[in-house]
Amino acid sequence: MRTAFVTGVAGQDGLYLAELLVSKGYRVIGSVRSSKQEDIELPSKLSNSIELVSWDMRNQSDIIDILSRFVPHEVYNLAAYSSGSGMYEDAVDISEVNGTAITRILEAIRTIDTNIRFCQASSREIFGEAKETPQTELTMLRPRSPYGAAKQYADAMVRIYRDYYGIFSCSAILFNHESPRRKTGFVSRKITHTAAKIKLGLANELCIGNLDAQRDWGFAGDYVRAMWLMMQQETAEDYVISTGKAHSVRTICDLAFSYLGLDYRDYVREDEAEYRPAEPTLLVGSSDKARAKLGWEPKTSFKELVHMMVDADLYLLQTQIAKSIN
């Protein structure tokens, strides 16, 4: 039985990856900040299928001790400060957790067993003020936030440990990816959750930022599958994982509200306070390399993704209403 170690296992990507690995017969070890707290939040089908450990990504000896205990075949690093509005909030901590911590993990692997494979969840934010669209693995990196800069540093260390130390280490450069497990602070989930609340009479309007802002949005479950495929290759390489298509916030609103029989224009209000700085270049990824070498492509369309999220939010809210009545 192969063993996989997944950091940030209780997050959106961690949960989907854990489900995938369990379905493939892996023993899955997941790291969380507090095993007791996060255990409660795991889906019931995973709670008895994965082993949880708490660790501090800032503590080198802690990382070495835990990886020495399990000596996994594969390590997936999904733990990080979130993007979105949090990209600028604490530059020092972001640099530590999203950047330096990756070097600590790689160094622990070099110390324990260089046969351990490592995959880093990178981000489209490394491109920042890109000079070309779409972005590929060869696009010049121009991060414009502490988050993007920390991810760029981590990617550089992944390449160094791959090229100099011979460790199988790779970076999945993930563009925006969503799911019903996305937190409501992210615009996609904010839209579907509020649309469901309005449908049920629990809210009257949705205040949101720039409706014309565009993103390359995909389904998180598809993206973690790409990471697993990357780890099964003979040689480690970095890959852009994206849909290659941009959609506006307005389009999400239209798809979510119309699915519920509503017109988003009757409920959605633009709030300039919610605007993010304008991006000089549209960030849309080209996954031609992943399609050619991994045989990967997204299985879930953008429309299916939005409808999936609306269905999940409706069910969640209806369940909460039923519990409050009983």
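This briefing covers backbone geometry, one helix and one pocket. The model is predicted, and its local backbone includes a cis peptide bond from Thr-133 to Pro-134 as well as a positive phi at Val-71, which is not a glycine. Helix 1 is largely enclosed by the rest of the structure, and helix 11 supplies the largest share of the lining of the second largest pocket.

**Backbone geometry**

- Most residues other than glycine have a negative phi, and most peptide bonds are trans.
- The bond from Thr-133 to Pro-134 is cis, with omega near 0 degrees, and Pro-134 lies in the loop that runs between strand 5 (117–123) and helix 6 (146–163).
- Val-71 has a phi of about 40 degrees and is found in the loop between helix 4 (60–70) and strand 4 (74–77), where its relative accessible area of 36% makes this residue partly exposed.

**Helix 1**

- Helix 1, spanning residues 12–23, reaches 17 Å from its first C-alpha to its last, which is close to the 16 Å expected at 1.5 Å a residue.
- Because 10 of its 12 residues are buried, helix 1 is largely enclosed by the rest of the structure; among the buried residues are Gln-12, Asp-13, Tyr-16 and Glu-19.
- Gly-25, just after helix 1, takes a positive phi of about 85 degrees.

**Second largest pocket**

- The second largest pocket has a volume of about 180 Å³, and its lining consists of Pro-180, Arg-189, Ala-312, Asp-313, Tyr-315, Leu-316 and Thr-319.
- Five of the lining residues come from helix 11 (residues 302–325), and the lining as a whole divides into four nonpolar, one polar and two charged residues.

Methods
Residues numbered from 1 in each chain as written. Predicted model: local features only at pLDDT ≥ 70, side-chain atom pairs only at ≥ 80, totals over all residues. Heavy atoms only, no water. Helix = DSSP H or I, 4+ residues; strand = E, 2+ residues; numbered from the N terminus. Buried < 20%, exposed > 50% of the residue type's maximum accessible area, 1.4 Å probe, protein only. Expected span 1.5 Å × (residues − 1). 1 Å grid on protein atoms, 1.4 Å probe; cavity = no way out; pocket = protein on both sides within 12 Å on 5 of 7 lines; lining within 4 Å. Points joined across faces, edges and corners; volume = space filled by probe spheres on them. Nonpolar A, V, L, I, M, F, W, Y, C, P; charged D, E, K, R; others polar.
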